[in-house]
Amino acid sequence: VLDDLLAEVGIVRSETYVTNIVKDRPPGNRDPLPEEIDIYAPFLDRQIEIIKPKVIATLGRFSANYLLKKYSFGEEFAISKIRGKIYEKEAVNFKIVPLFHPAATIYSPDRRKDLLEDLRTVKKIIGGE
């Protein structure tokens, strides 16, 4: 789904780095527990430090909430209220754009339109539009 969405808005997949906040899917495909996020977060932090992205498009609420809290944008957000917004501040060297997780389009096909709109925002930030 993500590859199709990226292609549709003209973002080159091979120039896109995709990672997860939790590196192993929790048993039973459940949501990650706070302690699992705490265990894996330093790996994500290090990936960001090494890659030095221009923009981070978070996919889903867990990565959005982790990064927005870490970089002092707030504590806890509903993804439906923050999706597509650009979070930036001088002390942070990249922009954060929260997105619905692409899997959301499987359960709610109407979210595809929102994801495409938000990915177009990402494309503008990276200079592709």
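**Note on the predicted model**

1. T58 is a buried residue, because its relative accessible area is 2%, and buried means under 20%. This residue belongs to strand β1, which covers residues 55–59. Apart from neighbours within four places in sequence, T58 makes contact with S63, A64, L67, I96, V97, P98 and L99. The structure discussed here is a predicted model.

2. The overall fold should be considered next. The protein contains six helices and two strands. Along the sequence these elements appear in the order α-α-β-α-α-β-α-α. Among contacts between residues at least 6 apart in sequence, 50% join residues at least 24 apart.

3. The dimensions of the chain may be checked against a simple rule. For 129 residues, a compact globule would have a radius of gyration near 14 Å, and the protein agrees with this because its own value is 14 Å. The C-alpha atoms fill a box of roughly 40 × 35 × 30 Å along the principal axes.

4. The surface and the interior can be described together. Of the 129 residues in the protein, 41% are buried. The exposed area is about 7900 Å², and carbon and sulfur atoms supply 52% of it. The protein carries 21 positive and 20 negative charges, and the mean positions of these two groups are 3 Å apart.

5. Aromatic pairs deserve a separate point. How many does a search of the whole structure find? The search finds four aromatic pairs. One of them joins Y71 and F94, whose ring centres are 5.2 Å apart; the pair is edge-to-face because the ring planes stand at 90 degrees. This pair links distant parts of the chain, 23 residues apart: Y71 is in the loop between α3 (61–70) and α4 (79–82), and F94 is in the loop between α4 and β2 (95–99). Both Y71 and F94 are buried.

6. A further aromatic pair is formed by F77 and Y87. The pair is tilted, with 6.2 Å from centre to centre and 55 degrees between the planes. F77 lies in the loop between α3 and α4, whereas Y87 lies in the loop between α4 and β2, so the pair ties together parts that are ten residues apart in sequence. F77 is partly exposed because its relative accessible area is 21%, while Y87 counts as buried at 13% relative accessibility. F77 and Y87 also belong, with F73, to one aromatic cluster.

7. Two residues call for attention on account of their backbone angles. Most residues other than glycine have a negative phi. N29 is not a glycine, yet its phi is positive, at about 60 degrees. N29 is found in the loop between α1 (2–9) and α2 (34–51). Is N29 buried or exposed? N29 counts as exposed because its relative accessibility is 51%, and the cut-off for exposed is over 50%.

8. K52 is the other residue to be examined here. Phi of K52 is near 55 degrees, which is a positive value in a residue other than glycine. Where does K52 lie? K52 is placed in the loop between α2 and β1. With a relative accessibility of 64%, K52 counts as exposed.

Key: Residues are numbered from 1 along each chain as its sequence is written. This is a predicted model: local features need pLDDT of at least 70, side-chain atom pairs count only at pLDDT 80 or more; totals for chains, interfaces and linings use all residues. Side-chain values use heavy atoms; hydrogens and water are left out. Helices (H or I, at least four residues) and strands (E, at least two) are DSSP runs, numbered from the N terminus. The radius of gyration is taken over C-alpha atoms; the globule rule is 2.2 Å times the number of residues to the power 0.38. Buried means under 20% relative accessible area, exposed over 50%, partly exposed in between (1.4 Å probe, protein chains only). Contact means heavy atoms within 4.5 Å. Accessible areas come from the Shrake-Rupley method with a 1.4 Å probe; for residues, only the protein chains shown count as cover. Lys and Arg count as positive and Asp and Glu as negative; His and the chain ends are not counted. The place of a charge is taken as NZ of Lys, CZ of Arg, CG of Asp or CD of Glu. Rings of Phe, Tyr and Trp (its six-membered ring) pair if their centres lie within 6.5 Å; planes under 30 degrees apart count as stacked, over 60 as edge-to-face and the rest as tilted.
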